[in-house]
Amino acid sequence: MGRVAPQWLAVLLVLLAVLRAVATRQRYWWAVALGAAVLALASWWRADALAVKLYPVLVNAVLLVVFAVSLRYPPTVIERVARITQPDLPESGVRYTRKVTAAWCAFFVANGAAAGYTAARCSDATWALYNGLVAYVLMGCLMGGEWLVRQWVRRRGALTLGPH
């Protein structure tokens, strides 16, 4: 930002979102691509970067919906991932994966709110720092923290989830 007009950044975001949707063949990435197109149109109409800066909010919102819907209509996203390595996941594992899915939902709410705040209220540098680094560090901390909790729960014998 600052070197390229926001409208052209918006077009690039749409292209990348469409490429991701095509490459992954997952429906929710098409929702992201559609949302990116809406943001791109807003960027062209307003001729500013706010719509482009809202892209991380969009991604968090779509992921929140995907994870939350999977809580309502199981199997959850995390259960599906767990069943890749352990198809015969026991009931304790299913309960655990529901809790992890709920934790990710909370993360997407908080991260999306922070992304929205930085887009609307902070400098471009702060927005870029949060959405380009801090959000990913927090995501890694959640993944690493969950892994540590899972190991602790397994040692207590309260959970069977495939290989350690």
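**Exercise 1. A residue in α4**

Leaving aside its neighbours within four places in sequence, which residues is Tyr-55 in contact with? Work out, too, whether Tyr-55 is buried or exposed.

*Solution.* Keep in mind that you're looking at a predicted model.

- Step 1: find Tyr-55 in helix α4.
- Step 2: check its accessibility. The relative value is 15%, and buried means under 20%, so Tyr-55 counts as buried.
- Step 3: list the partners. With the neighbours within four places set aside, Tyr-55 touches Leu-13, Ala-17, Val-32, Ala-36 and Leu-39.
- Step 4: pick one partner and look at the backbone. Leu-39 is 16 residues from Tyr-55 along the chain, and their C-alpha atoms are 7.4 Å apart.

**Exercise 2. The whole chain**

Describe the protein chain: how many helices and strands does its secondary structure have, and what share of its residues is buried?

*Solution.*

- Step 1: count the elements. There are 7 helices and 0 strands, so reading from the N terminus you just get α-α-α-α-α-α-α.
- Step 2: get the dimensions. The C-alpha trace spans about 55 × 30 × 25 Å along its principal axes.
- Step 3: look at burial. Of the 164 residues, 38% are buried.
- Step 4: see how far apart in sequence the contacts reach. Take the contacts with a separation of 6 or more: 60% of them are between residues 24 or more positions apart.

**Exercise 3. Following α7**

Compare the span of α7 with what its residue count predicts, then find where α7 bends and what its buried residues pack against.

*Solution.*

- Step 1: do the ruler check. α7 has 32 residues, and at 1.5 Å a residue they should span 46 Å; the end C-alpha atoms are 45 Å apart, which agrees.
- Step 2: look for a bend. There's one of about 35° at Tyr-130.
- Step 3: list the buried residues. Tyr-130 is among them, along with Trp-127, Asn-131, Ala-135, Glu-146, Arg-150, Gln-151, Val-153 and Arg-154.
- Step 4: name the packing partners of these buried residues, which are α3 (50-53), α4 and α6.
- Step 5: try a residue with another setting. Gly-132 also lies in α7, but at 51% relative accessibility, with exposed meaning over 50%, Gly-132 counts as exposed. Its C-alpha atom is 9.5 Å from that of Pro-56, 76 residues away along the chain.
- Step 6: see what comes after the helix. α7 is followed by Gly-157, which has a positive phi near 80°.

**Exercise 4. Two pockets**

Take the largest pocket and the second largest pocket in turn: what is the volume of each, and which residues are closest to each centre?

*Solution.*

- Step 1: start with the largest pocket, at about 1,100 Å³. Its lining has 41 residues, with Leu-63, Trp-104, Phe-108, Met-139 and Met-143 nearest the centre.
- Step 2: trace that lining back to helices. α1 (6-24), α4 (55-72), α5 (77-85), α6 (91-121) and α7 (124-155) each supply at least two residues, and α7 gives the most, 12.
- Step 3: sort the lining by class. You get 30 nonpolar, 7 polar and 4 charged residues.
- Step 4: move to the second largest pocket, at about 400 Å³. Of its 14 lining residues, Arg-27, Tyr-28, Val-66, Val-77 and Arg-80 are closest to the centre.
- Step 5: trace this lining too. α2 (27-46), α4 and α5 give two or more residues, and α4 has the largest share with 5.
- Step 6: sort by class again. This time the lining has 10 nonpolar, 2 polar and 2 charged residues.

**Exercise 5. Backbone oddities in the loops**

Find which residues a cis peptide bond joins, then work out where Arg-25 and Ala-47 lie.

*Solution.*

- Step 1: recall the background. Most residues other than glycine have a negative phi, and most peptide bonds are trans.
- Step 2: go to Pro-74 and Pro-75, joined by a cis bond with omega about 5°. Pro-75 is in the loop between α4 and α5.
- Step 3: check Arg-25 in the loop between α1 and α2. Its phi is positive, near 60°, and at 75% relative accessibility Arg-25 counts as exposed.
- Step 4: check Ala-47 in the loop between α2 and α3. Here phi is positive as well, near 55°, while a relative accessible area of 48% makes Ala-47 partly exposed.

Conventions: Residues are numbered from 1 along each chain as its sequence is written. This is a predicted model: local features need pLDDT of at least 70, side-chain atom pairs count only at pLDDT 80 or more; totals for chains, interfaces and linings use all residues. Side-chain values use heavy atoms; hydrogens and water are left out. On a 1 Å grid over the protein atoms alone, a cavity is a set of points where a 1.4 Å probe fits but cannot get out, and a pocket is an open set with protein on both sides within 12 Å along at least five of seven lines; lining residues have an atom within 4 Å of a point. Grid points are joined across faces, edges and corners, and a volume is the space filled by probe spheres set on the points. Helices (H or I, at least four residues) and strands (E, at least two) are DSSP runs, numbered from the N terminus. Ala, Val, Leu, Ile, Met, Phe, Trp, Tyr, Cys and Pro count as nonpolar, Asp, Glu, Lys and Arg as charged, and the others, Gly among them, as polar. The expected span of a helix is 1.5 Å times one less than its number of residues. The bend at a residue is the angle between axes fitted to the seven residues ending there and the seven starting there. Buried means under 20% relative accessible area, exposed over 50%, partly exposed in between (1.4 Å probe, protein chains only). Contact means heavy atoms within 4.5 Å.
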